[in-house]
Amino acid sequence: MGFSVYAFASAQEFLSSPQLRETSCVIADVQMPGMSGVEMQEYLIAHDHGMPIIFITAFPHERIRERAMKAGAICFLSKPFDEPQLLECVQRALQSAADPPGTE
């Protein structure tokens with residue numbers, strides 16, 4: 001698809017990486033070692049890193065989905081999901097990054 005992609009073993013590894021400032025979209029599992037995906041989302045918001053986030057999970061708890069979506073997640077995909085679903089979410093995320101709120 002032509003995207004530059006970086007993989008990280010944990011939220012902490014991503015947050016301390018040089019790629020943090022150049023990231024256009026994050027795809028994160030809800031359950032990760034150390035900091036959860038939702039905790040990472042809260043950290044990014046609190047530190048003015050407003051990049052769009054797509055969550056994936058094998059444990060689709062409604063309370064967590066609502067929390068992530070209320071905080072601005074673009075998608076919340078339950079495993080297994082298919083490639084077209086993920087690509088649609090990535091396209092929505094990149095479009096939201098290109099058109100931030102208030103720029104219509």
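In the predicted model, phenylalanine 55 has phenylalanine 76 of strand S3 as its bridge partner. Strand S3 comprises residues 75–78 and is paired with S2 in the parallel sense, with four bridges between the two. Between S2 and S3 the chain passes through H3, and the resulting β-α-β crossover is right-handed.

A parallel pairing is also found between S1 and S2, which are joined by four bridges. In this pairing, isoleucine 27 lies opposite isoleucine 54 of S2, and aspartate 29 has isoleucine 56 of S2 as its bridge partner. The connection from S1 to S2 runs through H2, and this β-α-β crossover is right-handed.

Taken together, the three strands form an open sheet with parallel pairing and the order S1-S2-S3. S1 and S3 are the edge strands, each of them pairing on one side only. On average, neighbouring strands of the sheet are turned by 20° against each other, direction ignored. Two helices that pack on the sheet are described here. H3 touches S2 and S3, and its direction makes an angle of about 155° with that of S3. Helix H4, residues 83–98, touches S1, S2 and S3; the angle between its direction and that of S3 is about 165°.

The largest nonpolar core consists of 18 residues. Phe14, Leu15, Val26, Met40, Leu44 and Phe55 are the residues with the most contacts inside this core. Two or more core residues are contributed by each of helix H1 (11–15), strand S1 (26–29), helix H2 (37–46), strand S2 (53–57) and helix H3 (62–70). Another core, of eight residues, lies apart from the largest one; Ile56, Cys75, Cys89 and Val90 are among its members. In a regular strand, side chains alternate between the two faces of the sheet. Within S2, Phe55 is listed for the largest core, whereas Ile56 is listed for the core of eight residues.

The surroundings of phenylalanine 55 were examined with its neighbours within four places in sequence left aside. On this basis, phenylalanine 55 is in contact with Ala28, Asp29, Val30, Gly37, Val38 and Gln41, and also with Ala68, Ala73, Cys75, Phe76 and Leu77. One of these contacts, Phe76, is the bridge partner of phenylalanine 55 in S3. Another, Asp29, is the residue whose bridge partner in S2 is isoleucine 56.

Terms used:
Residues numbered from 1 in each chain as written. Predicted model: local features only at pLDDT ≥ 70, side-chain atom pairs only at ≥ 80, totals over all residues. Heavy atoms only, no water. Core = buried A, V, L, I, M, F, W, Y, C linked by side-chain atoms within 4.5 Å. Buried < 20%, exposed > 50% of the residue type's maximum accessible area, 1.4 Å probe, protein only. Contact = heavy atoms within 4.5 Å. Pairing = 2+ DSSP bridges. Right-handed = clockwise from strand over helix to strand, strands pointing away. Axes fitted to C-alpha atoms, helices over the stretch in contact; angles between N-to-C directions.
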